[in-house]
Amino acid sequence: MLSDINASWKNRMEEEFQKSYFKELMQFVQSEYATKTCFPPENQIFAAFDYCAFENTKVVIIGQDPYHGYGQANGLCFSVSDTIPIPPSLVNIFKEIEQDLNIPFPENGNLERWAKQGVLLLNATLTVREGQAGSHQKKGWEQFTDVIISKIATEKENIVFLLWGGFAKKKGVKINRTKHLVLETGHPSPLSANRGFWFGNQHFSKTNTFLKSKNLKAIEW
């Protein structure tokens, strides 16, 4: 399973892999995948790192846990594979991009194209049992992804962190805001968005304005 992780991340996380909590987490995940239907597919658990090397990371989006419906999760937060209907939160993300940047609504919800441009699409929990949201929370994933966020925040500079909703904001509380751009807003889920906490945030244009100001290539959202 760990052999799937991109080398640029693997080298930085080797110490973490040796810790008892992480070994217990891997045993739990292997047992769950052997006895239950879990998502994303085992070879996509670390997809966020495979598509976006540490050196290339420019933007970090933090989700909570993978989609738990059959065939939805592909290892990238908010993303679904090409043939899967676009989930409500992602619909609202695309609507905001359309308003913010006048970019037409895409044909599918696969966000691999973002990841390949340096957007780390990181769920706080990287696995889930089918039909049971949050079923793999508090098993060690949150500790692991906290370390990922900390590594990025301390070892890199001029990263844009997009924190959507209360959960993501808590994950980003220790980020140095003089060293990085941290943009916060409500979650794009219909519950939050329809109450006025999502639309109009302009996070996508603000991200690109910041990247350009640092002589970095803008993201093609």
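# Asking the author: buried, exposed, pocket

Author: Leaving aside its neighbours within four places in sequence, Ser79 is in contact with Tyr67, Gln72, Asn74, Leu90, Gly109, Asn110 and Leu111. Before you quiz me: this is a predicted model, where local features need pLDDT of at least 70 and side-chain atom pairs count only at pLDDT 80 or more, while totals for chains, interfaces and linings use all residues. Residues are numbered from 1 along each chain as its sequence is written, and side-chain values use heavy atoms, with hydrogens and water left out.

Reader: What makes something a contact?

Author: A contact is a pair of residues with heavy atoms within 4.5 Å.

Reader: Why is Ser79 called buried?

Author: The label goes to residues under 20% relative accessible area, with exposed kept for over 50% and partly exposed for what lies in between (1.4 Å probe, protein chains only). Ser79 has a relative accessible area of 0%, so it is buried. Its place is the loop between strand E2 (59-63) and helix H4 (88-101).

Reader: How do you know what counts as a helix or a strand?

Author: They are DSSP runs numbered from the N terminus: helices are H or I with at least four residues, strands are E with at least two. On that basis the protein chain has 9 helices and 6 strands.

Reader: Leu76 is found in the loop between E2 and H4. Why is Leu76 called buried?

Author: Leu76 has a relative accessible area of 3%, and therefore counts as buried. Skipping neighbours within four places in sequence, its contacts are Ala47, Ala48, Tyr51, Leu111, Glu112, Ala115, Leu121 and Asn123. The C-alpha atoms of Leu76 and Phe49 are 9.1 Å apart, with their positions 27 residues apart along the chain.

Reader: And what makes Cys52 buried?

Author: Its relative accessibility is 1%, so Cys52 is buried. You'll find Cys52 in the loop between helix H3 (47-51) and E2. Beyond neighbours within four places in sequence, Cys52 is in contact with Trp9, Thr57, Ala115, Gly118, Val119 and Leu120. Take Ala115: it is 63 residues away along the chain, yet its C-alpha atom is separated from that of Cys52 by 5.4 Å.

Reader: Why is Asn102 called exposed, and Gln202 partly exposed?

Author: Asn102 has a relative accessible area of 68%, so it is exposed. Gln202 comes out at 39%, and therefore counts as partly exposed. Asn102 sits in the loop between H4 and helix H5 (112-115), and Gln202 in the loop between helix H8 (190-193) and helix H9 (203-213). Each has a positive phi without being a glycine: about 60° for Asn102 and near 55° for Gln202.

Reader: What is the peptide bond from Phe39 to Pro40?

Author: That one is cis, with omega near -5°. Pro40 lies in the loop between strand E1 (38-39) and H3.

Reader: What makes a space a pocket?

Author: On a 1 Å grid over the protein atoms alone, a pocket is an open set of points with protein on both sides within 12 Å along at least five of seven lines; a cavity is a set where a 1.4 Å probe fits but cannot get out, and lining residues have an atom within 4 Å of a point. Points are joined across faces, edges and corners, and the volume is the space filled by probe spheres set on them. The largest pocket has about 410 Å³. Its lining counts 25 residues, with Asp65, Pro66, Tyr67, Phe78 and Asn123 nearest the centre.

Reader: How are the lining residues classed?

Author: Ala, Val, Leu, Ile, Met, Phe, Trp, Tyr, Cys and Pro are nonpolar, Asp, Glu, Lys and Arg are charged, and the others, Gly among them, are polar. That gives the largest pocket 11 nonpolar, 13 polar and 1 charged residues. The second largest pocket, at about 270 Å³, has a lining of 5 nonpolar, 2 polar and 5 charged. Its lining includes Glu142, Asp146, Lys170, Lys171 and Lys174. Helix H6 (141-155) supplies the largest share of that lining, 6 residues.

Reader: How do you know the chain agrees with a compact globule?

Author: The rule is 2.2 Å times the number of residues to the power 0.38, with the radius of gyration taken over C-alpha atoms. For 221 residues that lands near 17 Å, and the chain has 17 Å, so the two agree. Buried residues make up 53% of the 221.
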